[in-house]
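Here's a quick briefing to read with the model open beside you. It goes from the domains to the pairing of the chains, then on to the packing and a few backbone oddities.

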2 protein chains.
Amino acid sequence: MTDDPKDGIQTEEGVLDLETGDLSQIRKAIEARDAQRVFELLDPLHPADIADILEQIGSEARRTLLHLYGSEFDGDILSELDENIRDEVVGYLRPEVLAEAVRDMDSDDVVDLLEDLDESQHSAILEALEEEDRHAARQALTYPEYSAGRLMQREFVAVPEDWTVGQTIDMMRTSTELPDQFYHVFLVTPEDMPTGYVTLGRLLSSKRETALAEILEDSFRSFELDEEEGDVAYAFNQYHLISAPVVDPDGRLVGVITIDDAMAVLDEEHEEDMLRMAGAGEGSLSDGVLETTWQRLPWLGVNLATAIVASLVIAIFEATIETLVALAVLMPIIASMGGNAGTQSMAVAVRGLATRDLTSANIWRVLRRETLVGVLNGLIFAVVMGVVGYVWFGSLMLAGVIAAAMVINLLVAGLSGIGLPALLDRLGVDPALASGTFVTTVTDVVGFFAFLGLATVLLL
Amino acid sequence: MTDDPKDGIQTEEGVLDLETGDLSQIRKAIEARDAQRVFELLDPLHPADIADILEQIGSEARRTLLHLYGSEFDGDILSELDENIRDEVVGYLRPEVLAEAVRDMDSDDVVDLLEDLDESQHSAILEALEEEDRHAARQALTYPEYSAGRLMQREFVAVPEDWTVGQTIDMMRTSTELPDQFYHVFLVTPEDMPTGYVTLGRLLSSKRETALAEILEDSFRSFELDEEEGDVAYAFNQYHLISAPVVDPDGRLVGVITIDDAMAVLDEEHEEDMLRMAGAGEGSLSDGVLETTWQRLPWLGVNLATAIVASLVIAIFEATIETLVALAVLMPIIASMGGNAGTQSMAVAVRGLATRDLTSANIWRVLRRETLVGVLNGLIFAVVMGVVGYVWFGSLMLAGVIAAAMVINLLVAGLSGIGLPALLDRLGVDPALASGTFVTTVTDVVGFFAFLGLATVLLL
């Protein structure tokens, strides 16, 4: 980007780059309790960057910074903060600063702020709002979490569907209550039901006497209040929507969702998928030690249980291993290759389910493909591992056993890597949530069984 | 969503839901070669949904469908198709249909189409374009792949920076060449350098005599032609941009990137991260067997090499295992727990690096946290596994050895889960690319060494 570097904070490519030691300047100013310098450093920054800085400095420095910067504090910084840091920051702010910060926020940002805060902090925020906004915020909180109702803003422009371009432009030029940002004018029936929308660009380039109905965009889609925000984000991305109306159960227009909020949701959904696939819960870098330990405990517990199952399989073949200890040496290779291949297939499946590209219409074709890929890669690595095994232990039979186990395990890895996530999805469970541990368990169990079983039959 | 179900295709929530058997209607129409019915079924659908259908039916059906639907084929469908299916589809289309389809596309979509196609298919597309568009497309292809220059569209509205609202509105109302979609008017110097932008909403609600300079948005950021598209997408999400100008090396405005394209890039980057973390390359559901085998081969190969390293560690302790075969039974539990804990930390790190929340400013704090989390979870599972081990094998010493190995391995897992991705990032390698295999190798090697080493010292 070509932003000017201002006031000593280098913004490489226009994005605040905390790698380059800028943060140390801020740290110094905080330590010196130099409010003027803190202001100079932070003033040119975007609220999102100030939020990042607050997240990255320690809790002590955060408190001092907020004390020094207090009266300049902007509501948008709150919107950008990580949930747990936000709680802390709200607690540090003086009530009048908090009130001022909240009053400037869009209705959807206020709701976003409220839903993540402790109940005890709600009243401080709600009291800061004007009567009308307070009512709207309270109502928004009655919609399900992660729903379109929570995501929408109540500021929008709607006109009767039989209006002309001229009427609409005149209304906007005289209205004093237009939203800060809007990209479309919605057409509504007398019952307030949205029937279409017109872009401002089209409005500006059309003749005054043109009926709005003639210049409608064909991408119009509306959402219901309780629709899941993940579905909303998917639809924005799939259909290239810029804004879309939200309707109540009677079909009346009650709010608008804009693409920037949908993009943020898409980003959060991806984060969730990635962390869940790894069994890391809702983990974030700013979480504390105990919180993080607690988040990771459940899946480590599940993993321990499944690892014990795999161990029980090995225990069946204790006598075989005692006779031929080379098996214990090679065993983890089979497990590792199966786990890796399974994870590859699983990532493709979880992604395909998230983008709705993996459906009942093509699941069989994909399973067939994974079977063939598993067999092919199984054969390739069977040959490699067979040679390695023969060179290492000098036994052709042992080499044959590990080669055969490799093919079996990579085949099963492909099948379970696709099949387990698809099954979980069908059962209504988030496929990212549990797939990792389960796929690995299947490949461990099958891998150990195939390898040690074949060894028992063929080598003893 | 509240879209009407039309023509027999049920769109649950307004999103085409291929689970509900709608595809079978399309399949039937294709088999019956009923062009009229195909048209009825596809006509109400969004190009993105038609693209999804083309991806999900087999190659044979795809060919027939395109033959039947040919003359209705819309360029936007091409934009939405997966790369490898796109190649195939372009080959099936009659030249005049392809020409017609391409002429209607935005300049950024044409470039996107061209860059994924074989060189041999370029000329068919380029010839379909008008002289000016062809020149523009050729020029765009000279910019680096995945750069802002490839992502931008050349259609935008720019006016001199000293204009008023009235002048701007008059120009737009008389211009015949406005883009299909635009949200901002850019202000430029006489040298064509963009200095700010005004939203159309603000323009419409301001007095005619207001200078544009007075109603500038403060979120203005511009990008350079060769800036990476991932950085562009990050900036859009971080700073809530809706559109942003792209400038050439002389700072002149040459194009505009809009948020819908940035959202698509963000989505692709996530896909890349997830698949790379799993070692699945660029895999997609529509890839063929050989292509998929080939994509997954390299990381399976790396994994085999690293698994052999872990096996060599076990081989050191062959004599110990021979004496106490229970070790071979319990060994995979240590490896599995370490791998799991390492993957948890790694997912948090890869995500933190992608969102630029993990930086040199907080890496030490995060490493310290991971150490403590590793020790805490290590202690918890040491107790659990110690009890299990004692009950199972009746040896207090064996239980103690596995408990100690658990603590050591979970501690190392946390450190390497954060440290390895951070190191790769510092070395300029995508941290998602290689972390998975390497973290697991570290936990396997350390886990086996700790467990078998302690056993050798304490139990023999």
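Keep in mind that this is a predicted model. An automatic or database assignment splits chain A into three domains: domain 1 covers 12–145, domain 2 covers 158–277 and domain 3 covers 289–459. Between domain 2 of chain A and domain 3 of chain A, the C-alpha centres are 48 Å apart.

**How the two chains pair up**

- Turn chain B by 180°, with 0.0 Å of shift along the axis, and it lands on chain A with an RMSD of 0.0 Å.
- The two copies are thus related as by a two-fold rotation axis.
- Both copies use the same surface, with 100% of chain B's contact residues recurring in chain A.
- Each side is counted at 112 residues: 112 from chain B and 112 from chain A.
- On the chain B side, the top contributor is helix α18 (residues 326–354) of chain B, which puts in 17 residues.
- Sorted by class, that side of chain B has 61 nonpolar, 30 polar and 21 charged residues.

**Helix α18 in chain A**

- In chain A, α18 (residues 326–354) runs for 29 residues and spans 43 Å from first C-alpha to last, close to the expected 42 Å.
- All of it is tucked away: 29 of the 29 residues of α18(A) are buried, so the helix is largely enclosed by the rest of the structure.
- Just past the end of α18(A), Arg356(A) adopts a positive phi of about 60°.

**Nonpolar cores**

- The largest nonpolar core counts 133 residues, and Ile402(A) and Ile402(B) have the most contacts inside it.
- Leaving out residues up to four places away in sequence, Ile402(B) touches Leu330(B), Ile334(B), Met385(B), Gly386(B), Gly389(B) and Phe451(B).
- There's also a second, separate core of 82 residues, and its members include Leu203(A), Ile257(A), Val165(B) and Val265(B).

**Backbone oddities in chain B**

- As background, most residues other than glycine have a negative phi.
- Asp192(B) isn't a glycine, yet its phi is positive at about 75°.
- You'll find Asp192(B) in the loop between β2 (184–188) and β3 (194–199) of chain B.
- Asp192(B) counts as partly exposed, with 15 C-beta neighbours inside 10 Å.
- His240(B), also not a glycine, has a positive phi of about 55°.
- The loop that holds His240(B) runs between α14 (229–239) and β5 (243–247) of chain B.
- Is His240(B) buried or exposed? His240(B) is buried, with 22 other C-beta atoms within 10 Å.

Key:
Residues are numbered from 1 along each chain as its sequence is written. Chains are lettered from A and ligands numbered from 1 in the order in which they are written. This is a predicted model: local features need pLDDT of at least 70, side-chain atom pairs count only at pLDDT 80 or more; totals for chains, interfaces and linings use all residues. Copies are superposed by least squares on the C-alpha atoms of residues with pLDDT of at least 70 in both. Two residues are in contact if their C-beta atoms, placed from the backbone, lie within 7 Å. A nonpolar core is a set of buried Ala, Val, Leu, Ile, Met, Phe, Trp, Tyr and Cys residues joined through C-beta atoms within 7 Å. A residue is buried if 20 or more other C-beta atoms lie within 10 Å of its own, exposed if 12 or fewer, and partly exposed in between; C-beta atoms are placed from the backbone. Helices (H or I, at least four residues) and strands (E, at least two) are DSSP runs, numbered from the N terminus. The expected span of a helix is 1.5 Å times one less than its number of residues. Ala, Val, Leu, Ile, Met, Phe, Trp, Tyr, Cys and Pro count as nonpolar, Asp, Glu, Lys and Arg as charged, and the others, Gly among them, as polar.
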